[in-house]
Amino acid sequence: MTQSLKARLAAKPILLAPGVYDPLTALLAVKAGAEALYVSGAAISYTRLGQPDIGLAAMTEVADTVLVIRDRVATPLIVDADNGHGNALNMQRTMRLFERAGANALQIEDQSYPKRCGHLAEKRLVTTAEMVGKIAAAADARHSAETLVIARTDAIAVEGFAAAIERAGRYAEAGADALFVEAPGSREQLAAIAEALGGRLPLMANMVEGGRTPMMAAAELEALGFALVIFPGGVVRAVARAAEDFYATLLRDGGSDAFRNRMFDFDTLNAVIGTPEILALGKHYEGDA
């Protein structure tokens, strides 16, 4: 991306950020043409911990993940920062750690503990005032004004649609760079979000296969007025399904031959991750030896 993330969100077409959880998924998404990537807290919980998205991934575990992804790709990273991993002071530390690790935007939410995936039931919220303070704290702690604060509200499921719009408006006033109203339950609610808030800041939508929000393509969301759409956990659902089938085949047959047409072979995977180029670079630094 030749322009900043902030500038890209103000431009057309809508920015589609695939979800990633490690350097390999990040590299594959970039090779497929992604302009930005979404480092998903849920995907990290699923893959690194084998646990649900209920706030078990620590701030440092997410920061470490961002760091190794940034070491492999230069593409802008939008990072799921949960609820800042605590109060406003924790939010500031989260901002500093994630920004130094390579984040270009932090998405923060107004859930309290125990927090959970936005498409699970029984969420709890902090007060609007506390979230406003966290947004200000995050903005104050960032090193660069180009590091964005994306403010998310989970209020639809807890306080209702009107309250969610009210909260999002307050978060815009507090200094957020983009807004994310999580888990609208219909296309009509998505349209109403865009109508109420689209003139204030860039809007983000979240597409979760099997979640509470109806699945829509990026172009449809752009037509409504959204500037950014993420597909955060789709890759994990795809990989998990493929892995389940692979292991079942392997344990059934005692070998992997029946699965070979659904997987990279050794040389192809090495070509994808750039092994020949990396080895050639090593030889370059060895000189004539």
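1. R167 and its surroundings. In this predicted model, R167 touches D110, L125, V126, T127, T128, T153, A155 and E159, leaving aside residues up to four places away in sequence. R167 belongs to helix α7, residues 161–173. Its relative accessibility is 4%, so R167 counts as buried. One of its neighbours, D110, also makes a polar contact with it: the side chains of R167 and D110 are joined at 3.3 Å.

2. Salt bridge between R142 and D177. The closest N and O atoms of R142 and D177 are 2.8 Å apart, and the two residues form a salt bridge. R142 sits in the loop between α6 (128–141) and β5 (148–153), and D177 in the loop between α7 and β6, so the pair ties together parts that are 35 residues apart in sequence. R142 is buried because its relative accessibility is 18%, under the 20% limit. D177 has a relative accessible area of 16% and is therefore buried as well.

3. A charged network. Salt bridges with shared partners join D82, E109, K115, K123, R152, D154 and E182 into one network. Within it, the side chains of E109 and K115 meet at 3.0 Å, N to O. Both E109 and K115 are buried. The total count of salt bridges comes to 17.

4. Salt bridge between R8 and E35. R8 pairs with E35 in a salt bridge, with the closest N and O atoms 3.0 Å apart. This pair links distant parts of the chain: R8 is in helix α1 (residues 5–9), and E35 is in the loop between α2 and β2, 27 residues apart. What is the burial state of each partner? R8 has a relative accessible area of 2%, so R8 is buried. E35 is at 34% relative accessibility and therefore counts as partly exposed.

5. Helix α2: ends and burial. Helix α2 spans residues 23–31, and its buried residues are T25, A26, L27 and A29. The elements covering those buried residues include β1 (15–20), β2 (37–39), α4 (59–72), α10 (234–253) and α11 (266–273). At the N-terminal end, D22 acts as the cap: a side-chain oxygen of D22 lies 3.3 Å from the backbone nitrogen of L24. After the helix comes G33, with a positive phi near 115 degrees.

6. The exposed side of α2. L28 is also a residue of helix α2. At 35% relative accessibility, L28 counts as partly exposed, because that value falls between the limits for buried and exposed. L24, L28, F264 and L269 make a nonpolar surface patch of about 330 Å². L24 and L28 are four places apart in name numbering, and residues three or four places apart in an α-helix point the same way, because the helix has 3.6 residues a turn.

7. Helix α11. At the start of α11, a side-chain oxygen of D265 comes to within 3.3 Å of the backbone nitrogen of D267. G274 follows α11, and the phi of G274 is positive, near 85 degrees.

8. Strand pairing around β1. Which strands run parallel to β1? Strand β8 (residues 228–231) is joined to β1 by 4 bridges, and the two run parallel. P18 has F231 as its bridge partner in β8. Strand β2 also runs parallel to β1, with 2 bridges between them. Here V20 has V39 as its bridge partner in β2.

9. Strands β6 and β7. Strand β6 (residues 178–181) pairs with β7 in the parallel sense, over 2 bridges. L179 has L203 as its bridge partner in β7. Are the faces of β7 covered or open? Both faces of β7 (residues 203–206) are covered: L203 and A205 on one side, M204 and N206 on the other, are all buried.

10. P52 in a loop. P52 lies between α3 (41–49) and α4, in the connecting loop. Its relative accessibility is 40%, so P52 counts as partly exposed. Leaving aside residues up to four places away in sequence, P52 touches S45 and Y46. P52 and A42 are 10 residues apart in sequence, and their C-alpha atoms are 7.2 Å apart.

Definitions and conventions:
Residues numbered from 1 in each chain as written. Predicted model: local features only at pLDDT ≥ 70, side-chain atom pairs only at ≥ 80, totals over all residues. Heavy atoms only, no water. Buried < 20%, exposed > 50% of the residue type's maximum accessible area, 1.4 Å probe, protein only. Contact = heavy atoms within 4.5 Å. Polar contact = N/O pair within 3.5 Å; in protein donor to acceptor, adjacent residues only side chain to side chain. Patch = residues over 30% accessible without salt bridge, like charges linked within 9 Å, V, L, I, M, F, W, Y side chains within 5 Å. Areas by Shrake-Rupley, 256 points an atom, 1.4 Å probe, with all protein chains shown as cover. Salt bridge = Lys/Arg side-chain N within 4 Å of Asp/Glu carboxyl O. Pairing = 2+ DSSP bridges.
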